[in-house]
Amino acid sequence: MNETDFLPVDYKIPETSNYMKFQDGDNAFRILSSAITGSEYFKADNKPVRSKEPFDTIPDDIKKGGAVKTFWAFLVWNYEAKRIQILELTQKGIMKTIQSYTKNPKWGNPKEYDFIVTRTGSGMDTEYAITVNPKFPLDEVVTAQYEKMSVDLNALYEGLDPFSVDK
């Protein structure tokens with residue numbers, strides 16, 4: 001038996017995370033929920049602290065070299081992972097692009113079309129390009145799965161898991 005007989009040629013290890021992270025290349029998703037917004041920073045233990053309101057001062061427990069950032073978090077259908085996940089954005093360029101589409105009357109509600117974020121580079125040289133696909137209905141299976149879910153994005157402000165909080 002050779003190596004090519006071990007796994008199917010197109011096999012990928014299934015994604016199990018509840019959070020979408022941009023990978024190199026194209027990252028296609030459909031926004032499913034409204035966003036929560038706020039400010040966040042990471043503590044020395046790499047745990048995030050989030051607030052609906054901006055922090056008045058630099059927090060004492062901020063990770064060395066860390067910064068307070070604006071964030072958005074919302075549910076998406078991640079086409080690559082084939083699952084519903086939370087996408088948290090802190091990249092202002094991506095935020096501005098999404099906001100510009102939502103303000104454009106020809107595009108409007110971002111839940112009606114797909115975004116594709118193309119990531120290239122790494123570290124401080126990471127770049128993102130954003131495109132959209134024309135409006136089209138989301139697959140009914142995805143819509144039904146989303147409607148059955150109980151996710152409370154506001155749990156992020158408390159440092160809790162949005163997927164395990166009872167509403």
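R119 counts as partly exposed, at 21% relative accessibility. That residue makes a handy way into this predicted model, since R119 meets D24 in a salt bridge. The chain as a whole has 167 residues, and 34% of them count as buried. Below is a quick tour, starting with the overall build and then moving on to charges, surface and a few single residues.

**The overall build**

- If you walk along the chain from the N terminus, you pass elements in the order β-β-β-β-β-β-α-β-β-α.
- That gives two helices and eight strands for the secondary structure of the protein chain.
- The C-alpha trace spans about 60 × 50 × 40 Å along its principal axes.
- Take the contacts between residues at least 6 apart in sequence: 56% of them join residues at least 24 apart.
- The accessible surface comes to about 11100 Å², and carbon and sulfur atoms account for 51% of that.
- On the charge side, there are 21 positive and 25 negative charges, and the mean positions of these two sets are 5 Å apart.

**Salt bridges**

- Some background first: side chains of opposite charge can pair when their charged atoms come close.
- How many salt bridges does the count come to? The count comes to five.
- Back to our opening residue: the D24 and R119 side chains meet with an N to O distance of 3.5 Å. D24 sits in the loop between β1 and β2 (25-31), while R119 belongs to strand β7 (residues 114-120), so this pair ties together parts of the chain that are 95 residues apart in sequence.
- Is D24 buried or exposed? D24 counts as exposed, because its relative accessibility is 57% and the exposed class starts over 50%.
- D114 and R30 form another of these pairs, with 2.6 Å from N to O. Here the link runs between strand β7, where D114 lies, and strand β2, where R30 lies, and the two residues are 84 apart.
- Both partners in that pair, D114 and R30, are buried.
- E88 pairs up with R50, and their closest N and O atoms are 2.8 Å apart. Since E88 is in strand β6 (residues 83-89) and R50 is in strand β4 (residues 48-51), the pair ties together parts that are 38 residues apart in sequence.
- E88 and R50 are buried as well.
- E88 and R50 also belong to something bigger than a pair: together with E40 they are linked in a network of salt bridges.

**A nonpolar patch on the surface**

- Which residues make the nonpolar surface patch? F6, L7, Y11 and I13 do, and the patch is about 490 Å².
- One of them, L7, is found in the segment before β1 (19-20).
- L7 has a relative accessible area of 40%, so this residue is partly exposed.

**Two residues with positive phi**

- As a rule of thumb, most residues other than glycine have a negative phi. The next two residues have positive values.
- N46 is not a glycine, yet its phi is positive, near 70°. You'll find N46 in the loop between β3 and β4, and it is partly exposed at 45% relative accessibility.
- K82 is not a glycine either, and its phi is about 55°. K82 lies in the loop between β5 (69-78) and β6, and its relative accessible area of 62% makes it exposed.

**Two strand residues to look up**

- S39 has its place in strand β3 (residues 36-42). With a relative accessible area of 9%, S39 is buried, because buried means under 20%.
- What does S39 touch, if we skip residues up to four places away in sequence? Its contacts include V49, R50, S51, E53 and P54, and also F55, V68, K69, T70 and F71.
- R83 is located in strand β6 and is partly exposed, at 21% relative accessibility.
- Leaving out neighbours within four places in sequence, R83 is in contact with E15, T16, S17, N18, V76, W77 and N78.
- How far apart are R83 and P48? From C-alpha to C-alpha they are 24 Å apart in space, and in sequence they are 35 residues apart.

How values were computed:
Residues are numbered from 1 along each chain as its sequence is written. This is a predicted model: local features need pLDDT of at least 70, side-chain atom pairs count only at pLDDT 80 or more; totals for chains, interfaces and linings use all residues. Side-chain values use heavy atoms; hydrogens and water are left out. Patches are made of residues with over 30% relative accessible area and no salt bridge: like charges are joined within 9 Å, nonpolar side chains (Val, Leu, Ile, Met, Phe, Trp, Tyr) within 5 Å. Accessible areas come from the Shrake-Rupley method with a 1.4 Å probe; for residues, only the protein chains shown count as cover. A salt bridge is a side-chain nitrogen of Lys or Arg within 4 Å of a carboxyl oxygen of Asp or Glu. Helices (H or I, at least four residues) and strands (E, at least two) are DSSP runs, numbered from the N terminus. Buried means under 20% relative accessible area, exposed over 50%, partly exposed in between (1.4 Å probe, protein chains only). Contact means heavy atoms within 4.5 Å. Lys and Arg count as positive and Asp and Glu as negative; His and the chain ends are not counted. The place of a charge is taken as NZ of Lys, CZ of Arg, CG of Asp or CD of Glu.
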